[in-house]
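Q: Can you take me through the empty spaces, the cysteines and one serine here, with the reasoning behind each label?

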Amino acid sequence: MPGSSPDSAPTESATGFPAAELESATELLQSLIRIDTSNPPGNEKPAIDFVASRCRDIGLEPEIVGSHPERPNLVAKWSADPSLDNGKPILISCHLDVVPAVSERWTHPPFSGHNDGTHIWGRGAIDMKGFAAMGLAAITRLRREELPINRDVIFVAVCDEEAGTKHGSKWLVDERPDLLGHQPEYVINEVGGFTVHQKGRRFYPVQVAEKGVAWIRLTVSGKPGHSSLPSTDSSVVKLARAVAAIGSASLPWHPSAEAANFIKGFAEPEGRIARTLAPLLLNPSLGPNLLPLAIKDPSRRASIEAILRNTANPTCLQQGQESINTLPGQASVDIDGRLAPGQTANQLIEELSSVVAPVIGECFEFEILKESPAVSFSTETELYREIESTLAEADPGSHVVPSIIPGFTDSQNYAKLGANCYGFYPLQLGPELDFSSMFHGDDERIPIEGFHWGIITLTNLLRRFLT
C-alpha cells in the first residue's frame, strides 16, 4: 500500500478499506497534533471538542466530563445490537495530552503535523494521538458497514495521562465508572502491536503488564550558614553525591513471570541456544553479568534490564527559597521510581538507602509522593487470542509476544474495574526506525504506511471480535 503524499489523490486500498477514509484519518491526526496539549499545563479541551465533533459526525453522542473545565475527558458509546448483546463492554482508550517539546531541537515544528510524504511529524504522532485517530477510523468504518455488534464499544479520550492520570482516567474510574460500563471486560490501550525486528524475524509485543510507579522525594540535611565560608556539611553537595550514586547504581534483579514470558517469547523462535540462555537471564546472580553478553545493543539491553529490576531516576532538584549567598539546611531531589511486579515503594526506598548511606551517611530521608503497584492481565482470553490471530493474518510469519513495559499507562486505573487491558496500537514499522526513541523524544513521527496498516488491522480485529 503506497504512502500518502500531500498532493496525492486517495485511491482504493488493496485491502478493500476505503482509501478516502485512510486519508481522512491522516488528516485527523495532523489536526490533533496541531492542537498543543502539552502537559503541563494540558489544556486538552480544544482537542476534546475536536474529537467530540468527529464522534457526532458518525452518529455517536459523546459525554464530556472532568474535574476541570479546561481538562475534560470524552466518553462515547456505540451500543450493542439488543438481539446480539452477550458481552461486557470493550473500551478503546487514548489520551490527548502530550509531553512538552523543545522546537529548536526538531527537524519540523513539533505542533505542525508536517506530512513529508512518508511520515507525519509532531508531538503526539506516536504517543498517542495516532491511536485516537486510528480508533476513530476503525469505529467509523464499522459503523458505515452497519455492523451489528455483540457488546458495547466505548471510545474514551482522556486528559492528564502524562502527568499521572489524576484528572483523566483516574478521575473517570473513581467518579464516573458508569460511563465506562461499570465493569468493562476489555480495554485496548497503548503500548504494543508495533513491529520489532530482531535477527531477521518480526515480532509484535502486546502489552499485558506494566511496572508500578513510585515517585519519591529524597531530602538531604546539612548545616545552614553563609555561603562565603568553606563548608564541609553542605546539603547541596551531599545531595549531589547522592544523586550521582543513584544514577550509577545497579539495583537488584527482581525477575517476574511477566518478564519471563516476555523474554521467552523473543527467544523461542531463535533456537536451542536462545531458549537455554533465556532462563539464565532471570537468575539474580547470573543475569546482570550475562545480559551484556546476550544483548549487544545498548538500547535493547536497557529495555530488558528495566523490566528485571526496580529503577530510579533523579529528575527534579530543589533547595527551598534560600538566596544564592545562603547554605540551605536542606536540599531535595524528586526521583521517578518504577517497580517490578511484586515490589513496593518502601522496598525501593530500602534499596536506595543502601546506595545513599555509604556516600553521605544517615542525614537523609525519603518521602513517597505517589505509589501504584504493577498490573498484569491474563493472556487466556478471547480478545488476546483474537489479537494473535489478527496479527498472524496481517503479517504472516511474525511472532506475537506478551510484553511488560517499564512505564505506566491508563491501564493501571482501568484495572480497578476488573478489565483485562491490552496494549495494542498496531503499527507496521521498518527496521530503520528507532521506534522507542519516538516516545517523549525529539522528532516524533509516525510512518503513514504503517499507520494505515494499523487502522486496517485494528478494524479487522474489532470486526471479528464484535461479531
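A: Start with a term. A cavity is a set of grid points where a 1.4 Å probe fits but cannot get out. This is a predicted model, and its largest cavity holds about 40 Å³ of space.

Q: How many cavities of 30 Å³ or more does the count give?
A: One cavity.

Q: What makes a residue part of the lining of the largest cavity, and which residues are they?
A: A lining residue has an atom within 4 Å of a point. For the largest cavity these are Ile126, Glu190, Val191, Gly192, Phe194, Tyr425, Phe435 and Phe439. By class they divide into six nonpolar, one polar and one charged. Gly counts as polar and Tyr as nonpolar, so Gly192 is the polar residue of this lining.

Q: What is a pocket, as opposed to a cavity?
A: A pocket is an open set of points, whereas the probe cannot get out of a cavity. The second largest pocket has a volume of about 340 Å³. It is lined by 16 residues, and Gln198, Glu270, Ala294, Ile295 and Arg300 are the closest to its centre. Helix H6 (257-267), helix H7 (272-281) and helix H9 (298-308) each give two or more residues to this lining.

Q: Which element gives the most to the lining of the second largest pocket, and what classes does that lining hold?
A: H7 gives the most, with five residues. The lining has twelve nonpolar, one polar and three charged residues.

Q: How do you know that Cys94 is in no disulfide?
A: A disulfide needs two cysteine sulfur atoms within 2.5 Å. The nearest cysteine sulfur to that of Cys94 belongs to Cys55, 9.2 Å away. Cys94 is therefore in no disulfide. The structure holds zero disulfides.

Q: Why is Cys94 called buried, but Cys363 partly exposed?
A: Buried means under 20% relative accessible area, and exposed means over 50%. Cys94 is at 0%, so it counts as buried. Cys363 has 21%, which lies between the two limits, so it is partly exposed.

Q: Where does Ser398 lie, and why is it called buried?
A: Ser398 is in the loop between helix H11 (382-394) and strand E16 (399-405). Its relative accessibility is 16%, under the 20% limit, so Ser398 counts as buried.

Q: What makes Ser398 and Asp395 a polar contact?
A: The cut-off is 3.5 Å. A polar atom of the Ser398 side chain lies 2.7 Å from the backbone oxygen of Asp395. That is within the cut-off. Leaving aside neighbours within four places in sequence, Ser398 is in contact with Arg202, Tyr204 and Leu391.

How values were computed. Residues numbered from 1 in each chain as written. Predicted model: local features only at pLDDT ≥ 70, side-chain atom pairs only at ≥ 80, totals over all residues. Heavy atoms only, no water. 1 Å grid on protein atoms, 1.4 Å probe; cavity = no way out; pocket = protein on both sides within 12 Å on 5 of 7 lines; lining within 4 Å. Points joined across faces, edges and corners; volume = space filled by probe spheres on them. Helix = DSSP H or I, 4+ residues; strand = E, 2+ residues; numbered from the N terminus. Buried < 20%, exposed > 50% of the residue type's maximum accessible area, 1.4 Å probe, protein only. Polar contact = N/O pair within 3.5 Å; in protein donor to acceptor, adjacent residues only side chain to side chain. Contact = heavy atoms within 4.5 Å.
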